Structures are given as C-alpha cells and as structure tokens.
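Visitor: I am new to this structure and would like a close look at one part of it. Could you take me slowly through a single strand and its surroundings?

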Amino acid sequence: MPEEFQPNSNSSKGPTMSRRRLITSLLGFSIVATLGGVVTPIIGYLWPPKRAFGGKSEPVQVGTAGEFPVGQGKVVPVNDKPVVVVNTEQEGVKAFSAICTHLGCIVEWDENRQIILCPCHDGRFSPFNGAVISGPPPAPLPELPVSVEGDAIYVTQI
Ligand code: FES
C-alpha cells in the first residue's frame with residue numbers, strides 16, 4: 001500500500017519543530033540580552049561599586065617644600081581629585097578640595113591677591129581655612145590634612 005502524503009508527517013514535522021525551537025531560543029536570548037542591557041546600568045547606578053580610592057586614603061606626596069615657596073600654591077591631583085595646596089606665610093602649608101562648592105568648577109591659586117579663586121563666578125576663598133570670602137559659593141572648601149616629612153609634602157584625601 002502506498003504511503004499517503006501527510007503534511008504533518010514526521011518527515012516534515014522534524015524540521016518545522018527544529019526551526020520553531022531555534023526561533024524561540026533566539027527570541028528568548030534577545031529578550032534576556034535586552035533586559036541585561038537595561039537592568040545592569042540601573043543596578044550599577046543604584047549600587048555603585050566601591051572605588052579603590054573611596055573613603056580615606058593614604059597620604060599622597062604632592063611635591064617638595066622647594067616647589068611650594070611661601071605665598072605660592074597650585075592645584076595638584078590627589079587620588080584623581082583636584083586639591084589646591086598653598087604655602088601660607090602665617091599658617092604654613094594648607095590643602096583644600098579644589099572643587100568649588102558653588103557649581104563644581106576647579107578653583108585656582110591667585111598669587112597676586114593671595115586667595116583661592118573660582119574662575120567661573122568669581123568665588124573667593126581663604127587660603128587659611130577655605131572659608132568663603134565673597135561670591136556665590138554656599139560653603140567653604142573642605143580642608144584636607146597636610147603632613148610634611150623632611151622635604152616632602154603629603155596630602156590625605158578624606
Ligand atoms: S562654580 Fe565656583 S563660584 Fe560658581
């Protein structure tokens with residue numbers, strides 16, 4: 001007896017099911033990949049990883065006494081953050097965060113006026129305690145611990 005043609009016979013069902021399974025798998029993979037791409041940055045934003053320099057760090061050498069004569073200062077990086085270091089005549093070497101408390105510009109040392117100056121909106125800070133002298137900054141610059149060992153000047157980022 002000759003075999004009848006059956007559209008759903010095993011010979012045609014096998015490849016159809018395999019193709020369907022492949023498409024379903026690809027669809028599932030693309031859904032998982034999309035969700036992973038969306039959820040991972042959200043999780044990273046909500047729970048950022050602790051950075052190597054987060055929190056209090058070890059003292060970092062910012063220069064030598066010869067590089068900071070009395071009345072001079074400059075902005076130096078300490079653990080990837082800008083710090084303004086000033087050698088004041090009255091109180092010795094001082095260090096402050098160089099990130100302006102107004103809108104976050106980087107302050108600079110104004111040697112002529114002997115102040116820490118924010119060039120963005122003319123915010124002015126004291127080199128002795130970081131206090132606001134004038135301008136829009138709402139708070140003083142945070143002071144950072146300074147230590148001098150021999151000729152080397154160290155600043156600790158807190
Ligand atoms: S950002 Fe420094 S004064 Fe505005």
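Visitor: Which strand is largely enclosed by the rest of the structure, and what surrounds it?

Guide: What follows is a walk through that strand, its sheet, the core beside it and then a second sheet. This is a predicted model, in which local features need pLDDT of at least 70 and side-chain atom pairs count only at pLDDT 80 or more, while totals for chains, interfaces and linings use all residues. Residues are numbered from 1 along each chain as its sequence is written.

The strand is β4, where strands (E, at least two residues) are DSSP runs numbered from the N terminus. Five of the six residues of β4 are buried, so this strand is largely enclosed by the rest of the structure; a residue is buried if 20 or more other C-beta atoms lie within 10 Å of its own, exposed if 12 or fewer, and partly exposed in between, with C-beta atoms placed from the backbone.

β4 belongs to an open sheet of four strands with the order β2-β3-β4-β9 and antiparallel pairing, where two strands pair if DSSP finds at least two bridges between them. The edges of this sheet are β2 and β9 (143–144), each of which pairs on one side only. Toward β3, the connection consists of six bridges between strands that run antiparallel, and β3 and β4 form a hairpin with three residues between them. One of the bridge pairs here joins T88 to G92 in β4. Toward β9, β4 pairs in the antiparallel sense over two bridges: F96 stands opposite E143 in β9, and A95 stands opposite L144 in β9.

From F96 the path leads into the largest nonpolar core, a nonpolar core being a set of buried Ala, Val, Leu, Ile, Met, Phe, Trp, Tyr and Cys residues joined through C-beta atoms within 7 Å. This core has 23 residues, of which V83, V84, V85, F96, V107 and V155 touch the most other members. The strands β2 (73–78), β3 (81–88), β4 (92–97), β6 and β11 (152–155) each supply at least two residues of the core, and the largest share, four residues, comes from β3. In soluble globular proteins, nonpolar side chains tend to be buried together. V155 also leads back to β4's neighbourhood, for among its contacts, not counting residues up to four places away in sequence, are V83, V85, A95 and L144; two residues are in contact if their C-beta atoms, placed from the backbone, lie within 7 Å.

β6, one of the strands that supply the core, also takes part in a second open sheet, whose four strands follow the order β5-β6-β7-β8 with antiparallel pairing. Here β5 (108–110) and β8 (132–134) stand at the edges, each with a single partner strand, so one side of each is left without a neighbour in the sheet. Strand β6 (residues 115–118) pairs with strand β7 (residues 123–125) over three bridges in the antiparallel sense, and I116 has F125 in β7 as its bridge partner.

L117 also lies in β6, and this residue counts as partly exposed because it has 19 C-beta neighbours inside 10 Å. Leaving aside neighbours within four places in sequence, L117 is in contact with V107, E108, D110 and R124. By contrast, N112, which is found in the loop between β5 and β6, counts as exposed because it has 6 C-beta neighbours inside 10 Å.
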